[in-house]
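Let's practise reading how two parts of a chain meet. Take your time with each exercise, then check the worked solution.

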Amino acid sequence: MANVLVNNKLAPDIYQLTVEGEYHASMGQFYMLRCWGAFPVLSRPISVHDINEGTISFLYRVSGTGTRLLSQLKPGNQLQLEGPLGRGFPEPEGRTAIIGGGMGIAPLLLAARRLPDSRVFLGFAGDPFAVSAFHAIHADVHVVSGGTIADYVEPSEYDTILACGPVPLMELLAHRTKGTGAKLFFSVEKRMACGIGACSGCTVRIDGVNRRVCVEGPVFSAGEVDFHDLLSL
Ligand SMILES: Cc1cc2nc3c(=O)[nH]c(=O)nc-3n(C[C@H](O)[C@H](O)[C@H](O)COP(=O)(O)OP(=O)(O)OC[C@H]3O[C@@H](n4cnc5c(N)ncnc54)[C@H](O)[C@@H]3O)c2cc1C
Ligand code: FES
């Protein structure tokens, strides 16, 4: 069990949870979180938002029973963390853009921390949230509210693009990146049960083949993904 240090409300329904302990994860990996007994039956997958000496943080939106229970955690409460799980973003080559839309910014703070030479683009439909943490650790952060963040990025200027966000944003980025030579990777979501590859509950079609998001993802190369098979963030 892990000890909660902070569980701050940053915006309506948006929380940052910081837990005590020495954790190691690749950018884009996730943990299965649980702070309840028998119900809900399943733990919930949440991406690693940040790791510092002695702490790990998660950024989450309250969307149902599990995340509502997470939002009620107080400093000193205990929760169960299983992970790190999944395959995160690859080490990028060359000029790199990090692009997040809405809750899709969650796995990207760790990427921004680890890739100081990248450019970071964060887009929000409404008021931005959690952006001060990006500004605090990275010199080149662009925040846009309204419209689509894809309009602020020229894919041909990059060798690698790491992205996470709503499915329409991912589709748009995939479309605009085609033929530019930039390699686009993004983190996708499916509802998960076991989180460790045992139940096939999170299967998506990738290049015509069934792949489990929890072990072969959540990060995939853009060209491979069937967007109609994905959940939107
Ligand atoms: C690899 C991975 C990483 C994730 N990282 C984050 C994160 O960093 N921050 C964050 O806020 N959320 C993240 N999610 C989504 C998060 O897991 C779900 O929002 C959460 O499981 C919902 O649980 P709940 O009990 O609160 O809601 P439920 O009662 O289970 O569901 C409430 C609503 O959320 C939808 N939902 C459930 N699971 C998902 C899912 N996996 N993706 C999208 N919608 C879902 C349901 O369809 C329903 O409409 C991630 C999901 C995956 C698969
Ligand atoms: S959640 Fe069980 S295989 Fe992915």
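**Exercise 1.** How many residues of domain 1 are in contact with residues of domain 2?

Solution. This is a predicted model, where local features need pLDDT of at least 70, side-chain atom pairs count only at pLDDT 80 or more, and totals for chains, interfaces and linings use all residues. Residues are numbered from 1 along each chain as its sequence is written, and side-chain values use heavy atoms, with hydrogens and water left out.

- Step 1: find the domains, 1 (2–85) and 2 (96–231), whose bounds come from an automatic or database domain assignment.
- Step 2: apply the contact rule, heavy atoms within 4.5 Å.
- Step 3: read off the result: 22 residues of domain 1 touch 22 residues of domain 2.

**Exercise 2.** Find the area that domain 1 and domain 2 bury between them.

Solution.

- Step 1: buried area is the accessible area (1.4 Å probe) that two parts lose on being put together, summed over both.
- Step 2: for these two domains the value is about 1,900 Å², with 66% of it on carbon and sulfur atoms.
- Step 3: on the domain 1 side, Met27, His49 and Leu59 lose the most area to domain 2, together 29% of what that side buries.

**Exercise 3.** Which residue forms a salt bridge with Asp50?

Solution.

- Step 1: look for a side-chain nitrogen of Lys or Arg within 4 Å of a carboxyl oxygen of Asp or Glu.
- Step 2: the partner is Arg113, with the closest N and O atoms 2.8 Å apart.
- Step 3: the count of salt bridges between domain 1 and domain 2 is one.

Key:
Chains are lettered from A and ligands numbered from 1 in the order in which they are written.
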